[in-house]
Amino acid sequence: MRPVFTLAATAMVAVAFASGAFAAEFTKGTVKKVDAKAKKVTLIHEELKSLEMPAMTMVFRVKDAAMLEKLKEGASIEFVAERVEGKLTVTEIQ
Ligand SMILES: [Cu+2]
């Protein structure tokens, strides 16, 4: 392979990383209940591939209290959930 092609391939991989091509996938869910005091939300979620979890209704913690403002009961959202300190936590909302 000519060096210029190697360089181009390397640059493309770098761009893919930078643009978040490998970032966590968003999962669809519906807000069932918000507990602002406990910073917890009950979501009816679709399959969470990143956590190998089937669709279900469950309680998540939220990463920060500001997120609770976007969570209204009955709202359809797209979110990212991760295990933070062993607890399932909503880390991003769209
Ligand atoms: Cu679940």
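This passage describes the copper site, the strand pairing, the nonpolar core and the loop residues of a predicted model.

The copper ion is bound by four protein donor atoms, namely NE2 of His45 and the SD atoms of Met53, Met56 and Met58, which lie 2.0 to 2.6 Å from the metal. The angles among these four donor atoms run from 105 to 118°, and the site is accordingly classed as tetrahedral, a label that requires all angles to lie between 85 and 135 degrees. Along the sequence, the donor residues follow the spacing H-x7-M-x2-M-x1-M. Two of the donor residues, histidine 45 and methionine 53, are buried, and methionine 58 is buried as well, with a relative accessible area of 13%, a value that falls in this class because the limit for buried residues is under 20%.

Methionine 58 belongs to strand β3, which covers residues 56–62. Although 13 residues separate methionine 58 from histidine 45 in sequence, the C-alpha atoms of the two residues are 7.8 Å apart in space. When neighbours within four places in sequence are set aside, the contacts of methionine 58 comprise Val41, Thr42, Leu43, His45, Met53 and Leu88, so that two further copper donors, His45 and Met53, appear among the contacts of methionine 58. Leucine 43, one of these contacts, in turn touches Met56 and Met58 together with Thr30, Val31, Thr57, Phe60, Ile77, Phe79 and Val90, again without counting residues up to four places away in sequence.

Leucine 43 is also one of the residues that touch the most other members of the largest nonpolar core, a set of 18 residues in which Val41, Phe60, Leu71, Phe79 and Val90 share this standing. Strands β2 (40–45), β3, β4 (76–84) and β5 (87–93) each contribute at least two residues to this core.

A search of the whole structure for aromatic pairs returns one. The ring centres of phenylalanine 60 and phenylalanine 79 are 5.5 Å apart and the ring planes stand at 65°, so the arrangement is edge-to-face. Because phenylalanine 60 is located in strand β3 and phenylalanine 79 in strand β4, the pair ties together parts that are 19 residues apart in sequence. Phenylalanine 60 and phenylalanine 79 are both buried.

The pairing of the strands includes both parallel and antiparallel arrangements. Strand β3 runs parallel to β5, to which it is joined by two bridges, and valine 62 has valine 90 of β5 as its bridge partner. Strands β4 and β5 run antiparallel and are joined by six bridges; here glutamate 82 has threonine 89 of β5 as its bridge partner, while arginine 83 stands opposite leucine 88 in β5. Strand β1 (residues 27–35) is likewise joined to β4 in an antiparallel manner, through four bridges, with lysine 28 standing opposite glutamate 78 of β4. Of the seven residues of β5, five are buried, so this strand is largely enclosed by the rest of the structure.

Strands β4 and β5 form a hairpin with two residues between them, and glutamate 85 is placed in the turn. The phi of glutamate 85 is near 50°, a positive value in a residue other than glycine. Most residues other than glycine have a negative phi. Glutamate 85, in the loop between β4 and β5, is exposed, with a relative accessible area of 72%.

Glutamate 52 provides another case, with a positive phi of about 50° although it is not a glycine. Glutamate 52 is placed in the loop between β2 and β3 and has a relative accessible area of 76%, so it is classed as exposed. In sequence, glutamate 52 precedes the donor segment that begins with Met53, whose SD atom is one of the donors of the copper ion.

Note on methods: Residues are numbered from 1 along each chain as its sequence is written. This is a predicted model: local features need pLDDT of at least 70, side-chain atom pairs count only at pLDDT 80 or more; totals for chains, interfaces and linings use all residues. Side-chain values use heavy atoms; hydrogens and water are left out. Buried means under 20% relative accessible area, exposed over 50%, partly exposed in between (1.4 Å probe, protein chains only). Contact means heavy atoms within 4.5 Å. A nonpolar core is a set of buried Ala, Val, Leu, Ile, Met, Phe, Trp, Tyr and Cys residues joined through side-chain atoms within 4.5 Å. Donors are N, O and S atoms within 2.8 Å of the metal (3.2 Å for Na, K and Ca); water is not among the atoms, so sites may look incomplete. Four donors count as tetrahedral if all angles lie between 85 and 135 degrees; four count as square planar and six as octahedral if opposite donors are over 155 degrees apart and all others between 65 and 115; anything else is irregular. Two strands pair if DSSP finds at least two bridges between them. Rings of Phe, Tyr and Trp (its six-membered ring) pair if their centres lie within 6.5 Å; planes under 30 degrees apart count as stacked, over 60 as edge-to-face and the rest as tilted.
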